[in-house]
Protein chains: 2
Amino acid sequence: MLKATRQQTKRHNLRLVMRTIYNDGGISRADIARVTGLTRPTVSRIVAKLIDERYVVETGQGPSAGGKRPTLLDVNLSSHHLLAIDLGSSEFRGAVVNLQGEILQRLTIPTGGQRGDEALDLVRDLLRNLASMANAPILGIGIGTPGLTNPDDGVIREAVNLGWSKLPLADLLSKEFQQPIYVANDSHMAALGEYTFGANREDRDLIVIKIGQGIGSGIILDGQPYYGDGYGAGEIGHVVVEDNGRKCSCGNYGCLETTTSTRAIIQAAHTQAESSPDSLLGPASSLTWENIVSALKAGDPAACNVVQEAGKFLGVAIANLVATLNIHRIVIAGRVHQLGETFLNSALNEARHRTLPSMVADTKVSYSDLGSDIVILGSSAMVLKQELGVI
Amino acid sequence: MLKATRQQTKRHNLRLVMRTIYNDGGISRADIARVTGLTRPTVSRIVAKLIDERYVVETGQGPSAGGKRPTLLDVNLSSHHLLAIDLGSSEFRGAVVNLQGEILQRLTIPTGGQRGDEALDLVRDLLRNLASMANAPILGIGIGTPGLTNPDDGVIREAVNLGWSKLPLADLLSKEFQQPIYVANDSHMAALGEYTFGANREDRDLIVIKIGQGIGSGIILDGQPYYGDGYGAGEIGHVVVEDNGRKCSCGNYGCLETTTSTRAIIQAAHTQAESSPDSLLGPASSLTWENIVSALKAGDPAACNVVQEAGKFLGVAIANLVATLNIHRIVIAGRVHQLGETFLNSALNEARHRTLPSMVADTKVSYSDLGSDIVILGSSAMVLKQELGVI
C-alpha cells in the first residue's frame, strides 16, 4: 500500500507541475515551487524529466528579483500531437490536434451507412491517415462515438446506428496503433469539449444538449463528466416529449428525436411546405435544411412555426433537466444554432410552463461557440486530461 | 497554507480513526494502525483524545497474537445523542438519536398551518423538548425542511408552505441551542437516510422519490448528496407530467404533485367514488387514504384504476430521471408504499414506454424500508457525517 501511495504521489506531483506550466506559461522553477508547495529539488527533478521528454522547454529569462535572473519554462505545444475523431455525425470526422487543443489538420471520411466491421475498417482508415499527417510523436487518441460507451475500458456496449454491440474499440485499436486510446459517448465528449474550450469555463457544472440527426446530452458535474451507472446519463433523445407522437427508431412514440432532431425539423418543414405552398420554405420536394434557415431569417411564418414547434419540445426536455439537476448552464450544440433565438426562446418559454419558473429563470441556455468541432475538442481534452493531467 | 494543511491532516486522521472504530468495533490500537496506515504513536494519541471526550471506550482484551493481549476499543454509542427533525410532513416530527442512528425517543407536534415566525416558534419548541429528553451531551442537530435550502450555510431560500424566504435557520437556532446545526431539503435528507440506513447500502448512486402531500426527490452520487447549483436538484414535484392537467399551487398545470401526491390520489379517488357508488372506496364524502388502501387490497377495480393512474404519471417522472441520470437504484418513500405493486408496476410500465426500455430494465425501483423515519434518519446521518466523519 505504501509503495502504491509513493508512486501515486510521484504521478500526482508530475501532473501538478505539468499543469502549472500549462496554465501559467512562462513560469520559473522557483515560482512553480511556490505555487505548488513542492520543494525546489522536487520541482527541478520533475522539470528535468519533462524537458527530457520534450513536453517542456526553457524559453528565456525572467526579470531578476534581486539575484540571478530565473529561467522561464513553457509547454512545448508542438512536441506531441494527438488524434481525435468524432463518429457521431453523418460522416466520420477526425483531426490532428496540438497540446493546446488547437486543430492543426482535419480529415473527413464520408460514410455510406457502413455498419459493423465495415464501419470499424473506416475508423482504422481514418486513424491511419491522421497518424500519417501528424508530424510529432502522438500522445494518444480520443474517440467520441454514438451509443452507450464505458470510458473506463473503451467498450461500446451498444451503438445501434453503427451496428456495434459489446465492441472493445479501445483494445482493438490500441493493438494496431500502440497508443493510449480513450473512447466515450459523443455527447459526453461534447460536454467535456464545451467545459474545456467553450465560452463558459467558469462554470463547474454544465449540460450540453447535442442536436443533430440524433439528440443526446452530456453532463459535467464539478468539472468531471458524469456518465451514469450504465454510461447512459443524458440519453434524453428517447424521452417521450409528445404524447401520441410519431414512431421513433427505438420503438416508442413521440421521443425528442421525433420532434426536434434536424431530420425531424426537415420532415416537419416538408409537411408545412406542402400545406403552405406560398411560404418561403419553397417546394416541399426539394426542401433542405438551408431552405429552413433562410426562410426563418426572412421572417417566413411557416418556417417560424416549424422552428417554434421543434423548440417547444426541446423546452420539455430542458424542464426535465432543470428539475432533476438544477444546473444553471445549458449549452446547445449542433447546427440548430442557425435557428437562433426563435428556437431558444420557444424552448425557454415552454420550459417555464413545465417546471418551477424560478428555477428556469436561474438557468442560462445558449448555443455553443465550438461549432462542429465540439466532439473532436472534447476527445482531445480527454486525452490531455488523462495523459498529462492538464486542462 | 502549510499550517492549514497540517490541521486538515490532524482532522482527517482523527476522523479516520473514529470511522475505523465505528465500522470495525472491537478493534485494537495495533489493528487501527495497520488498517489506517497511521503510526502507532499517532493512533494512541488520537485514541486517548477520543476516550477523553467519551466517544470511545475500552471494552476488554482480545486474544494474544504472541505477546501481550491487546485492549479492544468500541464507540461509546450512548456517550452523545443527536437531535433530528423533519419539517416536511403535515406535522413536525423529531427524535433523539444515538451515535448509531438508532431512534431512542420520538416527539411529534401537530401543525395547524402555522407559517413564518409561528412555524419557527414551533421548531424551537420541538427542539427544546427534544433537548430536555436527551440524557447525554448533544453532538448536533439535523433538520430536514421543505423548500430550496443551502446545506452549506443552513439558509432556507424559499419554503412556500411554511412562508419562509431567505431564512437563516441554522444561524437562528444555533444562537439558542449552542450546537452545530445542519439543515437541508427534506428529500435530500431522505436520500441520505436511505443511502446510510436503507436496504441498498451497496449502491453508491441512488435516487429517493419522496411522495407525500408534496413530491420531491433526492439524489446520491458516489455516496454524496447532490444538491444542484441552486439547491433544487430533484425538484420533480413541479414538472408537468399531464398535458392539460389540473392547476398546481406553483401556477403551472399538470405537475406531478397534481397527479401523484397523496392529496391528488385522495382527490382522484373522491371523483372516482362519486361516479362509482358501488365501489369498495365507499361514500365520496367520507373518503380517506385508508379507504383507498383497503379497497385496493380487496381488489376493487375503481381503487385499482385510481392507483394505476397515479402510478402512470410517476412513470413519466421515472423515465425522465432514468434518461437524465441513468442511476440504477430508485427508492420510493412515503405512505404510497401501501399501494404496493399496483402502483409500482403501473409506473414501470409507463416508464418503459417513455424512454429506452433497456435503461428502464436495468433500473430497480422499490419502496424504502425506513417508513416515516426516513428524513429523521437522513438528518441524523448528516450530523454523524459532518461532526464525526463516520457513516
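The expected span of a helix is 1.5 Å times one less than its number of residues. Let's try that on helix α6 of chain B, residues 186-197. With 12 residues at 1.5 Å a residue, α6(B) should span 16 Å, and its end C-alpha atoms are 16 Å apart, which agrees. Helices here (H or I, at least four residues) and strands (E, at least two) are DSSP runs, numbered from the N terminus.

Before going on, a quick word on the ground rules. This is a predicted model, where local features need pLDDT of at least 70 and side-chain atom pairs count only at pLDDT 80 or more, while totals for chains, interfaces and linings use all residues. Residues are numbered from 1 along each chain as its sequence is written, chains are lettered from A and ligands numbered from 1 in the order in which they are written, and side-chain values use heavy atoms, with hydrogens and water left out.

**Back to that helix**

How many residues of α6(B) are buried? The count is 12 of 12, so the helix is mostly covered, where buried means under 20% relative accessible area, exposed over 50%, and partly exposed in between (1.4 Å probe, protein chains only). Among the buried residues are His188(B), Glu194(B) and Phe197(B). At the start of α6(B), a side-chain oxygen of Asn185(B) comes to within 2.8 Å of the backbone nitrogen of Ser187(B). That is a polar contact: a pair of N or O atoms within 3.5 Å, where within protein one must be able to donate a hydrogen and the other to accept it, and residues adjacent in sequence count only if both atoms are side-chain atoms.

**Two sheets in chain A**

One open sheet in chain A has five strands in the order β6-β5-β4-β7-β11, with mixed pairing. Two strands pair if DSSP finds at least two bridges between them. The edge strands are β6 (103-110) and β11 (181-185) of chain A, and each pairs on one side only. From one strand to the next, the twist averages 15°; axes are lines fitted to C-alpha atoms, for helices over the stretch in contact, and angles run from 0 to 180 degrees between N-to-C directions.

Strand β7 (residues 138-145) of chain A runs parallel to β11(A), and five bridges join them. Thr145(A) stands opposite Asn185(A) in β11(A). Helix α5 (residues 169-177) of chain A packs on this sheet, touching β7 and β11 of chain A, and its direction makes about 150° with that of β11(A). Helix α6 (residues 186-197) of chain A packs on the sheet too, touching β4 (81-86), β7 and β11 of chain A, at about 105° to the direction of β11(A).

Another open sheet of five strands goes β14-β13-β12-β15-β16 (chain A), again with mixed pairing. Here β14 (224-226) and β16 of chain A stand at the edges with a single partner strand each, so one side of each is left without a neighbour in the sheet. Neighbouring strands of this sheet are turned by 25° against each other on average, direction ignored. Strands β12 (residues 206-211) and β13 (residues 215-221) of chain A run antiparallel and are joined by six bridges. Ile207(A) has Ile219(A) as its bridge partner in β13(A).

**Residues worth clicking on**

Which residues does Leu325(A) touch, beyond those up to four places away in sequence? Contact means heavy atoms within 4.5 Å, and the list includes Ile207(A) and Ile219(A) as well as Tyr226(B), Thr324(B) and Leu325(B). Leu325(A) is in helix α10 (residues 301-325) of chain A.

Val17(A), in helix α1 (residues 2-23) of chain A, is in contact with Ile32(A), Leu38(A), Ile46(A), Val47(A) and Leu50(A), leaving aside its neighbours within four places in sequence. The C-alpha atoms of Val17(A) and Thr36(A) are 19 residues apart along the chain and separated by 7.4 Å.

Asp373(A) sits in the loop between β16 (364-367) and α13 (374-388) of chain A. With the same sequence neighbours left out, Asp373(A) touches Arg93(A), Ile103(A) and Arg106(A).

Two other residues have a positive phi although they are not glycines: Lys166(A) at about 45° and Asn244(A) at about 60°. Lys166(A) is in strand β10 (residues 164-168) of chain A, while Asn244(A) is in the loop between β14 and α7 (256-260) of chain A.

Buried or exposed? Here's how these residues compare:

| Residue | Relative accessibility and class |
|---|---|
| Leu325(A) | 0%, buried |
| Val17(A) | 0%, buried |
| Asp373(A) | 14%, buried |
| Lys166(A) | 66%, exposed |
| Asn244(A) | 81%, exposed |
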